[in-house]
Amino acid sequence: MTASRVLVLNSGSSSVKYQLLDMADSGRLAVGLVERIGEETSRLVHEPLTGPGAAGGKRERVGAIADHETALRAVAEELAADGLGLDSPELAAVGHRVVHGGTRFTRPTVIDDEVLAEIRSLIPLAPLHNPANVTGIEVARSLRGDVPQVAVFDTAFHSTMPEHVARYAIDAATADKYSIRRYGFHGTSHAYVSRATAELLGRPVEDVNVIVLHLGNGASASAVRGGVCVETSMGLTPLEGLVMGTRSGDLDPAVIFHLARVGGLSVDEIDSLLNKKSGLLGMCGDNDMREVLRRAGEGDEAAATAFAAYVHRLKKYIGAYSAVLGRVDAVAFTAGVGENAHQVREAAVDGLAELGLALDLEANAARSREPRLISTEYARVAVAVVPTDEELEIAAQTYALVTQ
């Protein structure tokens with residue numbers, strides 16, 4: 001029997017998301033989440049999707065889960081209860097989402113001690129994410145050290161950006177010394193959606209230029225030419241670019257100096273302000289787009305202004321990336337907001353007819369979980385809603401690597 005299962009782990013600072021997939025048919029066998037790790041109110045939700053356990057639906061554990069090792073051992077127990085245990089000879093690999101790969105890691109990589117040490121060395125570039133990613137890797141290696149552990153990096157898809165795009169216009173020696181450049185994030189989503197958009201159009205990915213708008217609580221845009229990323233909105237960190245749920249996106253760097261000199265804020269306070277207390281939350285007190293839309297619809301001025309700022313930034317990036325690509329075949333909306341908020345899609349495309357964009361309002365308003373076109377029949381540029389599948393992308397990249 002050929003091993004074809006891949007366990008995908010997304011290890012956060014206090015959570016672990018996981019999916020077990022069978023790459024023989026790309027089917028999901030089980031999905032789950034462990035949250036609030038380290039607290040008394042820890043929670044594990046596990047859902048078997050095949051086998052005898054599937055009939056019972058979701059299972060839930062509530063109670064203290066001290067650390068990531070305890071969490072992953074609990075996950076292993078749940079999988080084993082469904083006959084999907086990590087000791088199965090059918091497990092081909094474990095694929096780990098790693099947020100930052102720096103300049104070295106530009107493709108999926110089998111993890112050994114040297115690779116793990118290099119991922120640790122990148123922690124200063126992703127202090128909120130890479131430490132948790134490392135912990136997940138260490139625990140998974142201790143549980144199944146005999147199967148390949150593969151790192152799939154959020155930054156990798158964007159590593160194809162030309163040097164003049166990736167570089168900031170600062171002193172080159174300083175930039176090189178401190179690894180300051182534009183890396184981009186959400187790469188697995190942008191890779192999956194750009195390819196899926198080409199499939200939706202019935203064209204080879206090499207022939208399609210697409211602007212991908214990944215709109216969740218974190219949000220990013222990318223310009224993809226023939227399957228290759230040539231520009232993306234996030235930079236050294238995920239703070240740059242679009243207005244997000246709690247992040248400011250683009251702003252004058254002198255705002256930071258002003259807050260320090262005039263406001264007396266510390267570096268950590270400014271960091272927290274821009275990453276956790278800005279964006280929609282900072283402007284109107286809500287980072288949930290559903291609430292922002294509800295309040296704006298009821299005449300709330302702060303919510304209406306926040307929504308307008310969000311959409312304005314989207315339009316700027318659509319226009320900018322149209323110029324970067326020269327020819328745009330499609331604009332694809334994805335992730336929580338992009339897939340579900342038809343008002344955001346309508347507002348973002350409104351007024352862009354000169355760029356070839358026009359929505360079929362009825363198709364746009366219709367709800368579906370399937371990839372679909374929402375542009376008018378005669379629009380020069382297709383507009384699509386393409387549900388992202390980062391776990392499948394990580395599993396596919398992992399499996400392709402270990403079976404080569």
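**Exercise 1. Work out how α11 and helix α13 cross, and which residues make their contact.**

Step 1: In this predicted model, the axes of α11 and helix α13 (residues 342–349) come within 9 Å and cross at roughly 55°. Helices are DSSP runs of H or I of at least four residues, strands are E runs of at least two, and both are numbered from the N terminus. Axes are lines fitted to C-alpha atoms, for helices over the stretch in contact, with angles from 0 to 180 degrees between N-to-C directions.

Step 2: Name the angle. α11 is therefore oblique to α13 (under 35 degrees is roughly parallel, over 145 roughly antiparallel, 65 to 115 roughly perpendicular, the rest oblique).

Step 3: List the partners. Phe307, Tyr310, Val311, Leu314, Lys315 and Ile318 of α11 meet Gln343, Val344, Ala347, Ala348 and Val349 of α13, where contact means heavy atoms within 4.5 Å.

Step 4: Sort them. The contact of α11 with α13 has nine nonpolar, one polar and one charged residues (Ala, Val, Leu, Ile, Met, Phe, Trp, Tyr, Cys and Pro are nonpolar; Asp, Glu, Lys and Arg charged; the others, Gly among them, polar).

A note on the model: it is predicted, local features need pLDDT of at least 70, side-chain atom pairs count only at pLDDT 80 or more, and totals for chains, interfaces and linings use all residues. Residues are numbered from 1 along each chain as its sequence is written, and side-chain values use heavy atoms, leaving out hydrogens and water.

**Exercise 2. Now try the same for helix α10 and helix α11.**

Step 1: The axes of α10 (residues 289–297) and α11 (residues 301–325) come within 8 Å and cross at roughly 125°.

Step 2: That angle makes α10 oblique to α11.

Step 3: On the α10 side you find Met289, Val292, Leu293, Arg295 and Ala296; on the α11 side, Ala302, Ala303, Ala304, Phe307 and Tyr310.

Step 4: By class, the contact of α10 with α11 holds nine nonpolar residues, no polar ones and one charged.

**Exercise 3. Find out where Ser179 and Ala335 lie, and whether each is buried or exposed.**

Step 1: Ser179 has a positive phi of about 55° although it is not a glycine. Look for Ser179 in the loop between α5 (172–177) and α6 (187–201).

Step 2: Ser179 counts as partly exposed, at 34% relative accessibility (buried is under 20% relative accessible area, exposed over 50%, partly exposed in between, with a 1.4 Å probe and protein chains only).

Step 3: Ala335 has a positive phi near 75° and sits in helix α12 (residues 335–340).

Step 4: At 7% relative accessibility, Ala335 counts as buried.
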